[in-house]
Amino acid sequence: MAHLIQHTAAGEGQEFVSPDAVLTVKIDAAHTGGNYEVFEVDAPRGPATPPHRTGWAKAYYVLSGRMIVQIDDDGYDLGPGESVAIPPAALHTFTVLSPSVKFLTVSLTDGMGRFHADLDATVPHNRPMEETLAQVREVLARHDVTVEGMERVP
C-alpha cells in the first residue's frame with residue numbers, strides 16, 4: 001500500500017462521536033498504507049470510558065486541558081505538551097480533570113478508525129449507555145476491543 005499526502009486544515013476532518021468524546025480524523029489510514037492514523041480528540045469532563053484493551057498501540061499528546069490516563073496499574077497526570085504511549089492489549093482509560101481536554105491520538109494500524117466508524121454508525125448518540133449496551137457489545141465483538149466488565153453485562 002502506498003503512502004499518500006493528506007492535508008487536513010484546522011476545524012476539518014471526519015468526526016466520530018463516542019460515548020466519552022468526539023474524535024476528528026486528521027490523518028486516515030487510507031493515506032498511510034494502514035500503518036497509522038491521527039485523531040484530534042475533544043472530551044468533556046464526565047464519566048470515563050470503562051477500562052478497556054485494544055489490539056493496537058497508540059499514544060496521546062495533550063494540546064489543552066488535563067487528564068489522568070490509567071494504564072494497567074499506573075496513572076499519568078497529563079497536561080499540555082505531555083504525552084504517553086499505550087502498548088497494545090494494555091488495560092487503559094482516561095479521566096478528564098479540567099472542564100474539557102483536547103489531545104491527539106496516534107494509533108498504529110487502522111483498527112482505531114474502523115472501530116470508531118462502526119461505533120459512530122451503530123450506537124445511537126445522546127442515549128443513556130444502559131439503552132445502547134446491546135449495540136456497543138455488537139461493535140466490540142467485530143473489533144479487537146474488550147471492555148472490562150462488559151462480558152458480565154446481560
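**Exercise 1. In which loop is Asp110 found?**

Solution. Let's start with the place along the chain. Asp110 sits in the loop between strand S10 (100-108) and H1. Keep in mind that this is a predicted model.

Next, the surface. Asp110 has a relative accessibility of 28%. Buried means under 20% and exposed means over 50%, so Asp110 counts as partly exposed.

Now the company it keeps. Setting aside residues up to four places away in sequence, Asp110 touches Ala29, Gly34 and Glu37.

Last, a distance. Asp110 and Asp74 are 36 residues apart in sequence, and their C-alpha atoms are 27 Å apart in space.

**Exercise 2. Look at Thr109 and Ala89, and work out what their phi angles have in common.**

Solution. Take Thr109 to begin with. Its phi is near 85°, a positive value in a residue other than glycine. Ala89 has a phi near 70°, and that is also a positive value in a residue other than glycine.

What's the usual pattern? Most residues other than glycine have a negative phi.

Then find each residue in the model. Thr109 belongs to the loop between S10 and H1. Ala89 belongs to the loop between strand S8 (83-86) and strand S9 (92-96).

Finally, check the surface. Thr109, at 34% relative accessibility, counts as partly exposed. Ala89 is partly exposed too, with a relative accessible area of 46%.

**Exercise 3. Describe how helices H1 and H2 are arranged, and list the residues in their contact.**

Solution. Pick out the two helices: H1 covers residues 111-122 and H2 covers residues 129-142. Their axes come within 10 Å and cross at roughly 155°.

Now turn that angle into a word. Angles over 145 degrees count as roughly antiparallel, so H1 is roughly antiparallel to H2. The crossing of the two helices is right-handed.

Which residues make the contact? From H1 come Phe115, Asp118, Leu119 and Thr122. From H2 come Gln135, Val139, Leu140 and Arg142. Sort them by class and you get 4 nonpolar, 2 polar and 2 charged residues.

**Exercise 4. Decide whether His116 is buried or exposed, and find its contacts.**

Solution. His116 is found in helix H1. Its relative accessible area is 11%. The cut-off for buried is under 20%, so His116 is buried.

For the contacts, leave out neighbours within four places in sequence. His116 is then in contact with Phe16, Ser18 and Leu23.

**Exercise 5. Find the largest nonpolar core and follow one of its residues outward.**

Solution. The idea behind this one: in soluble globular proteins, nonpolar side chains tend to be buried together.

Here, the largest nonpolar core has 32 residues. Those with the most contacts inside it are Tyr60, Met67, Val69, Phe94 and Phe103. The largest share of this core, 4 residues, comes from H2.

Follow Val69, leaving aside its neighbours within four places in sequence. Val69 is in contact with Tyr60, Asp74, Gly75, Tyr76, Leu78, Val84, Ile86, Thr93 and Phe94.

**Exercise 6. Sort Thr8, Thr24 and Pro99 into buried, partly exposed and exposed.**

Solution. Use two cut-offs: buried is under 20%, exposed is over 50%, and partly exposed lies in between.

- Thr8 has a relative accessible area of 21%, so Thr8 is partly exposed.
- Thr24 is at 6% relative accessibility, so Thr24 counts as buried.
- Pro99 is at 65% relative accessibility, so Pro99 counts as exposed.

Now place them. Thr8 lies in the segment before strand S1 (15-18). Thr24 is in strand S2 (residues 21-27). Pro99 is in the loop between S9 and S10.

Then come the contacts, again without neighbours within four places in sequence. Thr8 touches Gly13, Val25 and Lys26. Thr24 is in contact with Glu12, Gly13, Gln14, Glu15, Val38, Phe39 and Glu40. Pro99 is in contact with Pro44 and Arg45.

Finish with two distances, C-alpha to C-alpha. Thr8 and Ile27 are 19 residues apart in sequence and 7.3 Å apart in space. Pro99 and Glu82 are 17 residues apart along the chain, and their C-alpha atoms are separated by 18 Å.

Technical notes
Residues are numbered from 1 along each chain as its sequence is written. This is a predicted model: local features need pLDDT of at least 70, side-chain atom pairs count only at pLDDT 80 or more; totals for chains, interfaces and linings use all residues. Side-chain values use heavy atoms; hydrogens and water are left out. Axes are lines fitted to C-alpha atoms, for helices over the stretch in contact, and angles run from 0 to 180 degrees between N-to-C directions. Angles under 35 degrees count as roughly parallel, over 145 as roughly antiparallel, 65 to 115 as roughly perpendicular and the rest as oblique. A crossing is left-handed if the near helix is turned anticlockwise from the far one by less than a right angle, and right-handed if clockwise. Contact means heavy atoms within 4.5 Å. Ala, Val, Leu, Ile, Met, Phe, Trp, Tyr, Cys and Pro count as nonpolar, Asp, Glu, Lys and Arg as charged, and the others, Gly among them, as polar. A nonpolar core is a set of buried Ala, Val, Leu, Ile, Met, Phe, Trp, Tyr and Cys residues joined through side-chain atoms within 4.5 Å. Buried means under 20% relative accessible area, exposed over 50%, partly exposed in between (1.4 Å probe, protein chains only).
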